[in-house]
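The following exercises are to be worked with the sequence and the coordinates at hand. Each task is followed by a solution in steps.

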Amino acid sequence: MDNDVAIKVKGVSKHFILPHKKRNSLKSFFLNPFSNYRNEKQHALDNVSFEVKKGEFFGIIGRNGSGKSTLLKCMAGVYMPTEGSITVNGSLVPFIELGVGFDPELSGRDNIYLNGALLGFSRKEVDKMYQEIVDFAELEKFMDQKLKNYSSGMQVRLAFSVAIQAKSDILLLDEVLAVGDSAFQQKCTDYFTSIKKKKKTIILVSHNMQAVERFCDRALLIDNSTIQKIGDSSKIAEMYENIFLREKMEKLNGERQQKRREVLSASGQAVEIKSVKVTQNGKKVKEVNAQKEFEVEVLLLSKRGLKEANIGINIKNQDRIMLLSADTIAELGNIDIPKNKKVKIIYKISNILANGLYTINLGVVEGAIPNDEVIFREENSQEFIITGSESNPRALAHTNIDVRVQV
Amino acid sequence: MSSIKHERFPLKKQKSLLLEMIRTDFKLRYQASALGYIWSILKPLFTFAILYIIFALVLKLGAREQNYALSLLLGVVLWSFFAEATSASLVSIVSSGNLIRKIDIPRYLIPIASTTAAFINMLLSLVVFGVFLLLGSNLAIGWHTLWVLPLLILELVVMSLGFGFFFAAFYVKLRDLNYIWEVIRQALFYAIPIIYPLSRINDIEIQKILLMNPLTQIIQDARSVTTYDKIERIPQVFGSGLYELIPIIFAILSLVIGVWYFSRHSKYFAEDL
């Protein structure tokens, strides 16, 4: 094995036998000795291979149930892979979870020693670092109290303070960022920054994409028990977020179809929507490249004659904040549309939208201002996502900004 | 084929982890009681007192036996260790499920910790037994006691550990095991001449059967070097000392099988729990 590789995972698969098929009482042995013995397998990992280099900060991301915790547990040696091999080059401390082995009936002091032993420290070594742990956790006064009398925040602080004493080449961290208040999270962040400087190998499993982008050099996206992609952490983080956005698009699409059927069966609609399409470079798309112009194409059928009509759309983000809107009155003024006529409107939009999921909402107004009246409205006529933007993900929109600095 | 190659927990670290686990075991066991550790001495003493009152004073079971009371105490101490070590080991893996699912510690340390905790309890009780012994008269002690007794205790520990390993791993698969073992333990208690002297059994064939039980052999041998040197042992009952090897082989075999079964299944504890 190469000397600069810290962990090598090769062709690892992990199958579980589903618990309800498991037989673990005498009654089931006697009642049906032969039946019920089929192995119903669940494939938690399927032929997973990758390498983590020494000194690398490596992220593993994936949804709940994607197999990422199984993968981590295999690397930690908690699970034995069904197939494949894992080679760890160097010492490894898995704190899959903070405070493993903490016992609520023991005092804080005793728990430090127990937890320290689990991390591989002798009593003497813990003696030496004891004061440092207590100071870091800021729990001096509580050390002789039982852990069950600690608040959950205090428990986490104690666990984290012990955990960071672990002096190993490779650290496995699972969701440590998900707990604690903001002061604690700051401590986590400081700790990560410090170990990153020390060139330790760290494998971080997290749902927090900002943390992954910030700390990890590379990341691995796992979904449906297989590796989807390994690469630059910000690219992987975006892929991960797009999984959710795509799912949400599917859901919105389903809801719209349902709603349209209901609306159609109710009579008296002035307008029927034939289609709403998003196109870019002349092709119909669901995912729009950021910073490149795109079009929204609306095809309507008038069920009755429309007088002085104005057809408008707006685009809202996931938080239902309206970012853009456009209507026909600006270009054409009010238009008259005869009955049973198809009308196609194309809105060309210069794309300033940030990454994320957007919905197009449609409305038709009849009559000139001030006697205008909304005769048709549809929320979520079409959804699309924007990908590939490299700007700050928290900005709602972006445009070229010419920055000049004078000091 | 699957494999995990790790360098974790060198032997020195395993030792400190084991010590910490035993320490925790004791702390947890007595943490809420006023008398604390003293209970580990009081418990066998009370058991002994009850048995003594019923069987020695009321039923006069050991009237013809030399040092019956001391023999009874020694029997109770050794039996309590076996019962405690095996039952504690049996549940040890399952009750450490939280640990096993989250961290890769050498899993065999868990039943070893349970057995060691029971062993420490036995040592404390043996100290009490020693005090009573020195107060007694007509004893069977000599220099040979100093090496025979530890060897017998070693045999007992080896066997208990073997049972402990096997039970701890098997309990993960079969959760009825603790009830089954409880019943067997009760039966065993009466199948071993703890409260009754073996001499009370008139049928030599039954004596032979009872003595084939390694626990009987250990207890009788232990008595023979402390309380009563003429007590029935394998060489007398069988007429040949060679039969003595059978219980010893059984004890060693139980450890071998226990360790083999445990190590075969320990890889999958995390998912089977």
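**Exercise 1. An enclosed space**

How much space lies in the second largest cavity?

*Solution.* The structure is a predicted model, in which local features need pLDDT of at least 70 and side-chain atom pairs count only at pLDDT 80 or more, while totals for chains, interfaces and linings use all residues. Residues are numbered from 1 along each chain as its sequence is written, chains are lettered from A and ligands numbered from 1 in the order in which they are written, and side-chain values use heavy atoms, with hydrogens and water left out.

Step 1. On a 1 Å grid over the protein atoms alone, a cavity is a set of points where a 1.4 Å probe fits but cannot get out, and a lining residue has an atom within 4 Å of a point. Grid points are joined across faces, edges and corners, and a volume is the space filled by probe spheres set on the points.

Step 2. The search of the whole structure yields two cavities of 30 Å³ or more. The second largest cavity holds about 50 Å³ of space.

Step 3. Its lining includes Glu65(B), Tyr68(B), Pro193(B) and Arg223(B). Helix H3 of chain B (residues 68–95) provides the largest share of this lining, three residues. Helices (H or I, at least four residues) and strands (E, at least two) are DSSP runs, numbered from the N terminus.

Step 4. By class, the lining comprises seven nonpolar, one polar and two charged residues. Here Ala, Val, Leu, Ile, Met, Phe, Trp, Tyr, Cys and Pro count as nonpolar, Asp, Glu, Lys and Arg as charged, and the others, Gly among them, as polar.

**Exercise 2. The interface**

Describe the contact between chain B and chain A, and place Glu271(B) within it.

*Solution.* Step 1. With contact taken as heavy atoms within 4.5 Å, 36 residues of chain B and 48 residues of chain A take part.

Step 2. The buried area is about 3,600 Å², and carbon and sulfur atoms give 57% of it; this is the accessible area (1.4 Å probe) that two parts lose on being put together, summed over both. Of the area that chain B buries against chain A, 16% is supplied by Ile4(B), Lys102(B) and Glu271(B), more than by any other three residues.

Step 3. Three salt bridges cross the interface, a salt bridge being a side-chain nitrogen of Lys or Arg within 4 Å of a carboxyl oxygen of Asp or Glu. One salt bridge joins Glu271(B) to Lys14(A), with 2.7 Å between the closest N and O atoms.

Step 4. Glu271(B) lies in helix H12 of chain B. Not counting residues up to four places away in sequence, Glu271(B) touches Lys14(A), His15(A), Phe16(A), Tyr79(A) and Met80(A).

**Exercise 3. A salt bridge within chain A**

Where in chain A do Arg109(A) and Asp144(A) lie?

*Solution.* Step 1. Over all chains the count comes to 30 salt bridges. Arg109(A) and Asp144(A) form a salt bridge through their side chains, at 3.0 Å from N to O.

Step 2. Arg109(A) belongs to helix H3 of chain A (residues 108–118), whereas Asp144(A) is in the loop between helix H4 (123–137) and helix H5 (152–163) of chain A; the pair is 35 residues apart and links distant parts of the chain.

Notes. 1 Å grid on protein atoms, 1.4 Å probe; cavity = no way out; pocket = protein on both sides within 12 Å on 5 of 7 lines; lining within 4 Å.
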